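Open the model in your viewer and keep the selection panel at hand. The tour goes from one selection to the next.

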Amino acid sequence: MKIICIGRNYSEHASELNNPVPTEPVFFLKPDTAFLRNNQPFFMPDFSNDVHYEVELVYRISRVGRNISERYAHRYISGIGVGIDFTARDIQNRCKKLGLPWEIAKSFDGSAPVSNTFINVEDFDDLNQISFHLEKNGVLVQKGVSGDMIFSIDKIIAYVSKFITLKIGDLIFTGTPTGVGSIAIGDILTAYINNELLHKTKVC
Ligand code: MG
């Protein structure tokens, strides 16, 4: 199982980190050792002084495919959940400055908590109106709507599958809206789709 993450997929978030809005999807990978489920706690790594939350809609792949065309991409998704793309922002900023890859900032152990529940695609009235949000210690910190993505999930699947074969169970993190911020030990993060609580992470 692999985790594919899209960066800079909401224009307000690209602006808040002073990044240009991309003309093609930007993606990176997290290994299966990044995956946390069952509301397992997140252990703060000792190599960063500034770990950020990024709440994101997560799409689960249900068929093997490569070179998938955009018009058939929806056939490759079975469910939609929510996850947090934990990012060591201080390290990522250093990597960006030096033109280096982001793995040490993005792909460390436990950096991809994901809800156990994935909602069936058929259960949504409108796939462009999926709202999601994150609360930190009960306070709203991020909210987004799927329709605000710069690249839709269909475009993402078409683009990524040009380079990498998608397999059953792969997860695609689709980018974060504005409002990212730091976490501290003891924080409780709760993530929602359409106001339904689907995931909780305790920072330890
Ligand atoms: Mg992200």
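A polar contact is a pair of N or O atoms within 3.5 Å; within protein, one must be able to donate a hydrogen and the other to accept it, and residues adjacent in sequence count only if both atoms are side-chain atoms. This is a predicted model, in which local features need pLDDT of at least 70 and side-chain atom pairs count only at pLDDT 80 or more, while totals for chains, interfaces and linings use all residues. Residues are numbered from 1 along each chain as its sequence is written, and side-chain values use heavy atoms, with hydrogens and water left out.

Select Lys30. Lys30 sits in strand E2, residues 26–30 (helices, H or I, of at least four residues and strands, E, of at least two are DSSP runs, numbered from the N terminus). Its side chain reaches the backbone oxygen of Lys106 at 2.7 Å. Lys30 counts as buried because its relative accessibility is 1% (buried is under 20% relative accessible area, exposed over 50%, partly exposed in between, with a 1.4 Å probe and protein chains only).

Next, select the magnesium ion. Which residues are its protein donors? They are Glu54 (OE), Glu56 (OE) and Asp85 (OD), 2.0 to 2.1 Å from the ion (donors are N, O and S atoms within 2.8 Å of the metal, or 3.2 Å for Na, K and Ca; water is not among the atoms, so sites may look incomplete). Glu56 lies in strand E5 (residues 55–61) and Asp85 in the loop between strands E6 (77–84) and E7 (87–88), 29 residues apart. Both Glu56 and Asp85 are buried.
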